[in-house]
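Q: I'm new to this structure and keep running into labels. Could you walk me through what's behind them?
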Amino acid sequence: MKTLAVKLEEDVHARLTVLAKLSNTSLGELLKLAAEKFAAEAGTSPEFKAKAEQMLRTADREARERKAAIEALLKPLEDKPKTAKGRATAKAPGNGK
């Protein structure tokens, strides 16, 4: 479980406090229930679903890119070209000679 601190305008806080009392619950529990309801209802919205699907595609692409970068770091040095001193070779641009 995570803890969340929320700043509310005084009038909103006052109204929520009254609602919590009328509901015979705490302000924290009222906010938790409201957040859960919002999250459940947002999942049925076509707009939110489209955004979530795009976010998922982006997350998948970024994860593949990170994985490839990590795999490249872990490749044995023997797989990379070396000079006589063990340093990687780099071809200098030339004039074709």
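A: Sure, starting with contact, which means heavy atoms within 4.5 Å. By that rule His13, Leu16, Thr17, Leu19 and Ala20 in helix 1 meet Leu27, Leu30 and Leu31 in helix 2. Keep in mind that this is a predicted model, where local features need pLDDT of at least 70, side-chain atom pairs count only at pLDDT 80 or more, and totals for chains, interfaces and linings use all residues. Residues are numbered from 1 along each chain as its sequence is written, and side-chain values use heavy atoms, leaving out hydrogens and water.

Q: Why is helix 1 called roughly perpendicular to helix 2?
A: The axes of helix 1 (residues 10-22) and helix 2 (residues 27-42) cross at roughly 95° and come within 9 Å. Angles of 65 to 115 degrees count as roughly perpendicular (under 35 is roughly parallel, over 145 roughly antiparallel, the rest oblique), so helix 1 gets that label relative to helix 2.

Q: What makes Leu19 partly exposed?
A: Leu19, found in helix 1, has a relative accessible area of 44%. Buried means under 20%, exposed over 50%, and partly exposed is in between (1.4 Å probe, protein chains only), so Leu19 lands in that middle class. Its C-alpha atom is separated by 8.1 Å from that of Leu30, 11 residues apart along the chain.

Q: How do you know which classes of residue make up the contact of helix 1 with helix 2?
A: Ala, Val, Leu, Ile, Met, Phe, Trp, Tyr, Cys and Pro count as nonpolar, Asp, Glu, Lys and Arg as charged, and the others, Gly among them, as polar. On that basis, the contact of helix 1 with helix 2 has 6 nonpolar, 2 polar and no charged residues.

Notes: Axes are lines fitted to C-alpha atoms, for helices over the stretch in contact, and angles run from 0 to 180 degrees between N-to-C directions. Helices (H or I, at least four residues) and strands (E, at least two) are DSSP runs, numbered from the N terminus.
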